[in-house]
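I opened this notebook to record what I looked up in the structure, entry by entry. Burial, cores, internal spaces and aromatic rings are the topics.

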Amino acid sequence: METAMPKPTKTGHAAVNGVSYYYAVYGTGEPLLLLHGGMFHIEMFGPTLTRLAQSRQVIGVDLQGHGRTPLGEREINLIDIGDDMAGVVKKLGYDQVDVLGYSMGGGVAFQFAAQHPEMVRRLVLVSTPYAQDGFYPEMLPQQAALGAAMAEQMKATPIYQSYAAIAPHPEEFPKLLDQMGAYMRKPYDWSADVKKLTMPVMLVYGDSDMFRPEHEVKFYQLLGGGLKDAGWQREHLAQNRLAILPNVTHYEMGVAAQLVDAALPFLNGAGTGTSK
């Protein structure tokens with residue numbers, strides 16, 4: 001999944017709530033916080049990050065226990081990590097940023113925006129559910145099975161190899177699997193938090209994603225979209241957007257060319273509804 005990327009203009013660690021988050025900043029322009037998927041790190045975005053950095057200042061962060069950010073002693077919880085992102089952004093000197101998060105990073109982005117809406121100008125949630133029941137039912141047992149017992153068999157996979165190449169403590173891989181499995185086994189429903197997303201929001205899914213289409217549409221409706229015709233003059237156009245990318249699976253989404261094609265105009269303010 002990883003390809004050549006531009007060199008960051010700045011890298012470092014920001015200690016927030018006991019976690020030392022690694023960050024890398026690329027390009028120049030309006031700031032965009034970019035959050036990766038589970039078991040990966042900043043570089044998973046490859047060509048997506050490269051294209052975004054051509055017109056944006058992209059702030060990539062390795063999430064807790066991922067990439068160059070150590071796991072630490074705190075349990076993995078996306079609500080806590082979302083709150084941490086506010087601290088990272090502030091430490092880097094930003095008052096407000098756009099945010100694009102994919103999969104696990106989408107859950108973190110959701111919680112960052114829900115808890116600190118004044119800090120998020122525009123939000124793109126990529127392949128992100130608002131509740132555990134958004135997954136196809138067969139996905140839940142697979143997620144529940146994740147744990148340290150799988151560590152040895154995963155050592156031959158690109159996931160482990162890319163982790164071991166940069167992790168500060170590669171020996172913690174089994175512990176990371178346990179932590180991720182424990183988190184994914186916990187049911188959650190953030191539908192009540194959707195109303196806290198007061199900024200313009202775009203939802204992006206693949207047409208062959210791991211989420212039920214009716215869940216994706218319900219998320220959009222909770223955001224106020226898809227409830228009525230926009231009108232001849234777009235007078236009823238909602239401020240939020242839903243994009244379904246054709247011929248894209250969950251696992252390809254982070255590097256799909258269509259992702260930037262869909263998200264960047266939205267992040268730049270194109271097609272905003274009259275309500276915002």
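Entry 1: Histidine 116. I took buried to mean under 20% relative accessible area. The model is a predicted one. I read a relative accessible area of 14% for histidine 116, so histidine 116 counts as buried. I located histidine 116 in the loop between H3 and strand E6 (120-126). Leaving aside neighbours within four places in sequence, I found histidine 116 in contact with Asp83 and Ala86. I also looked up a pair distant in sequence: histidine 116 and lysine 196 are 80 residues apart along the chain, and their C-alpha atoms are separated by 9.1 Å.

Entry 2: Aspartate 84. Is aspartate 84 buried or exposed? Its relative accessibility is 1%, so I entered aspartate 84 as buried. I placed aspartate 84 in helix H2 (residues 78-91). Not counting residues up to four places away in sequence, I listed Val16, Asn17, Val19, Tyr21 and Arg74 as the residues that aspartate 84 touches.

Entry 3: Leucine 223. I found leucine 223 in the loop between helix H8 (213-222) and strand E8 (241-249). With a relative accessible area of 11%, leucine 223 is buried. Its contacts, leaving aside neighbours within four places in sequence, are Val194, Leu197, Val201, Leu203 and Asn240. I then looked up threonine 198, which is 25 residues from leucine 223 in sequence and 8.9 Å from leucine 223 in space, C-alpha to C-alpha.

Entry 4: Nonpolar cores. I recalled that in soluble globular proteins nonpolar side chains tend to be buried together. Here I noted 62 residues in the largest nonpolar core, where Leu33, Met85, Phe112 and Leu123 have the most contacts inside the core. Helix H3 (residues 104-115) gives the largest share of this core, seven residues. A second, separate core has 31 residues, including Ile42, Ala53, Val124 and Leu264. I followed leucine 123 further: leaving aside neighbours within four places in sequence, leucine 123 is in contact with Val99, Ala109, Ala113, Leu197, Met199, Pro200, Val201, Met202 and Phe266.

Entry 5: Cavities. How many cavities of 30 Å³ or more does the structure hold? I counted two. The largest cavity has a volume of about 60 Å³. I listed its lining as Gly65, Gly67, Thr69, Pro70, Leu71, Tyr163, Ala167, Pro168, His169, Glu172 and Leu176. I sorted the lining of the largest cavity into six nonpolar, four polar and one charged residue.

The second largest cavity has a volume of about 30 Å³. I found Met39, Phe40, His41, His66, Gly67, Ile159, Ser162, Tyr163 and Leu176 along its lining. Helix H6 (residues 158-166) gives the most to the lining of the second largest cavity, with three residues. I sorted that lining into five nonpolar, four polar and no charged residues.

Entry 6: The largest pocket. I read a volume of about 910 Å³ for the largest pocket. Its lining has 36 residues, and those closest to the pocket centre are Gly38, Ser103, Gln143, Met184 and Met210. Which helices each supply at least two residues of this lining? I noted H3, helix H4 (139-144), H6 and helix H7 (173-184). By class, the lining of the largest pocket divides into 24 nonpolar, 11 polar and one charged residue.

Entry 7: Aromatic rings. My search of the whole structure gave 10 aromatic pairs. In one of them, the rings of tyrosine 188 and tryptophan 190 have centres 4.9 Å apart and planes at 45 degrees, so I entered the pair as tilted. Tyrosine 188 has a relative accessible area of 21% and is therefore partly exposed, whereas tryptophan 190, at 6%, is buried.

I next looked up tyrosine 205 and phenylalanine 211, an edge-to-face aromatic pair with 6.1 Å centre to centre and 75 degrees between the planes. Tyrosine 205 counts as buried at 0% relative accessibility, and phenylalanine 211 is buried with a relative accessible area of 2%. Finally, I recorded one aromatic cluster formed by Phe110, Tyr130, Tyr188, Trp190 and Phe219.

Notes:
Residues are numbered from 1 along each chain as its sequence is written. This is a predicted model: local features need pLDDT of at least 70, side-chain atom pairs count only at pLDDT 80 or more; totals for chains, interfaces and linings use all residues. Side-chain values use heavy atoms; hydrogens and water are left out. Helices (H or I, at least four residues) and strands (E, at least two) are DSSP runs, numbered from the N terminus. Buried means under 20% relative accessible area, exposed over 50%, partly exposed in between (1.4 Å probe, protein chains only). Contact means heavy atoms within 4.5 Å. A nonpolar core is a set of buried Ala, Val, Leu, Ile, Met, Phe, Trp, Tyr and Cys residues joined through side-chain atoms within 4.5 Å. On a 1 Å grid over the protein atoms alone, a cavity is a set of points where a 1.4 Å probe fits but cannot get out, and a pocket is an open set with protein on both sides within 12 Å along at least five of seven lines; lining residues have an atom within 4 Å of a point. Grid points are joined across faces, edges and corners, and a volume is the space filled by probe spheres set on the points. Ala, Val, Leu, Ile, Met, Phe, Trp, Tyr, Cys and Pro count as nonpolar, Asp, Glu, Lys and Arg as charged, and the others, Gly among them, as polar. Rings of Phe, Tyr and Trp (its six-membered ring) pair if their centres lie within 6.5 Å; planes under 30 degrees apart count as stacked, over 60 as edge-to-face and the rest as tilted.
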